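Colleague: Got a minute to go through the pockets in this one? I'd like to start with how you name the elements.

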Amino acid sequence: MAPQRRGPPRVPEGSSAAERRRANSTKKEQLPQESQRTWLRTVALGVGLALITLLLWNSLGTNDDVAEVLARRGEILEGRFIEVPCSEDYDGHRRFEGCTPRKCGRGVTDMVITREEAEQIRRIAEKGLSLGGSDGGASILDLHSGALSVGKHFVNLYRYFGDKVQNIFSEEDFQLYRDVRQKVQLTIAKAFGIRASSLYLTKPTFFSRINSTEAQTAHDEYWHAHVDKVTYGSFDYTSLLYLSDYSEDFGGGRFVFMEEGSNKTVEPRAGRVSFFTSGSENLHRVEKVLWGTRYAITIAFTCNPDHGIEDPVLT
């Protein structure tokens, strides 16, 4: 008897439709789950990138990897001096034996200028700058040349305002300015073992007032790293007298000596004098001021009498 051929088992009517509905239902359930997993992966990736960015930002630092505070605002320093090897910057200029730096370094002291003197000097700056001021964040007043920031330009204080200057400043102001300059000069000479008489005041020597206003011209961009001897060939020794207090009168605005892997910072304090040889051994910058107003005066010295300038005189 020949075997009977059997067909495929009969599927109950309507079962295929039911399976399709179940498959579609499963896909619909899977879609939200896939979307959720995609969203979670996106969020995780975003958080990861944010953390990496934060770590990189912290490692690079907003303050040039400042690793050591050379002088804190709360300290009262009798004198702190760090000797560093001299750069070759001085070789390209005429040397003056007994003055041109052979011993290089940087120092800070709070014992040369009193806070009362600093307040009086600051008032001189405030009076002069009340006549003008930059549209950007950095204004200067140079009592020697008469240069004064006004808007986006500079004017000659003495020519522009004429006799009005006599009503702004007094002879006592200029005498105090000369006394302070002399004290700073003696401090530098002692620290570097040279005769004070071998040093000559040089230009530019000026008051600075810095705030957080956005820069309007290149003159307002004070925060770039630079070398004084390269920028101003006459400079051999640079000093700054701070006239306001870091973290009380302003935020940011610290002075940074830039060194590979270990920058050094000076926190301004009214009456504090910071001084250093002007070559590449003391590459430096000023942090951006974030709030408030920072006052200081830059007093520069040269060994070359041909580049010397006289103290300002009220005439």
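Modeller: Sure. Helices (H or I, at least four residues) and strands (E, at least two) are DSSP runs, and they're numbered from the N terminus. Bear in mind that this is a predicted model.

Colleague: OK, with that naming, which element gives the most to the lining of the second largest pocket?

Modeller: That's α5, with three residues.

Colleague: And what's the volume of that second largest pocket?

Modeller: About 200 Å³. Besides α5 (171-192), the elements giving two or more residues to its lining are β2 (80-84) and β3 (104-109).

Colleague: Which residues line it?

Modeller: Glu-78, Gly-79, Arg-80, Phe-81, Val-108, Thr-109, Thr-187, Lys-190, Ala-191 and Phe-275. They split into four nonpolar, three polar and three charged.

Colleague: Switching over: what volume does the largest pocket have?

Modeller: About 820 Å³. Its lining has 33 residues, and the closest to the centre are Ile-140, Phe-206, His-226, Tyr-232 and Thr-298.

Colleague: Which elements give two or more residues there?

Modeller: There's one helix label in the list, α6 (228-231). The strands are β5 (138-141), β8 (200-210), β9 (237-242), β14 (284-286) and β16 (294-302).

Colleague: And which of them gives the most?

Modeller: β8, which puts six residues into the lining of the largest pocket.

Colleague: Last one: how do the lining residues of the largest pocket divide into nonpolar, polar and charged?

Modeller: You get 15 nonpolar, twelve polar and six charged.

How values were computed:
Residues are numbered from 1 along each chain as its sequence is written. This is a predicted model: local features need pLDDT of at least 70, side-chain atom pairs count only at pLDDT 80 or more; totals for chains, interfaces and linings use all residues. Side-chain values use heavy atoms; hydrogens and water are left out. On a 1 Å grid over the protein atoms alone, a cavity is a set of points where a 1.4 Å probe fits but cannot get out, and a pocket is an open set with protein on both sides within 12 Å along at least five of seven lines; lining residues have an atom within 4 Å of a point. Grid points are joined across faces, edges and corners, and a volume is the space filled by probe spheres set on the points. Ala, Val, Leu, Ile, Met, Phe, Trp, Tyr, Cys and Pro count as nonpolar, Asp, Glu, Lys and Arg as charged, and the others, Gly among them, as polar.
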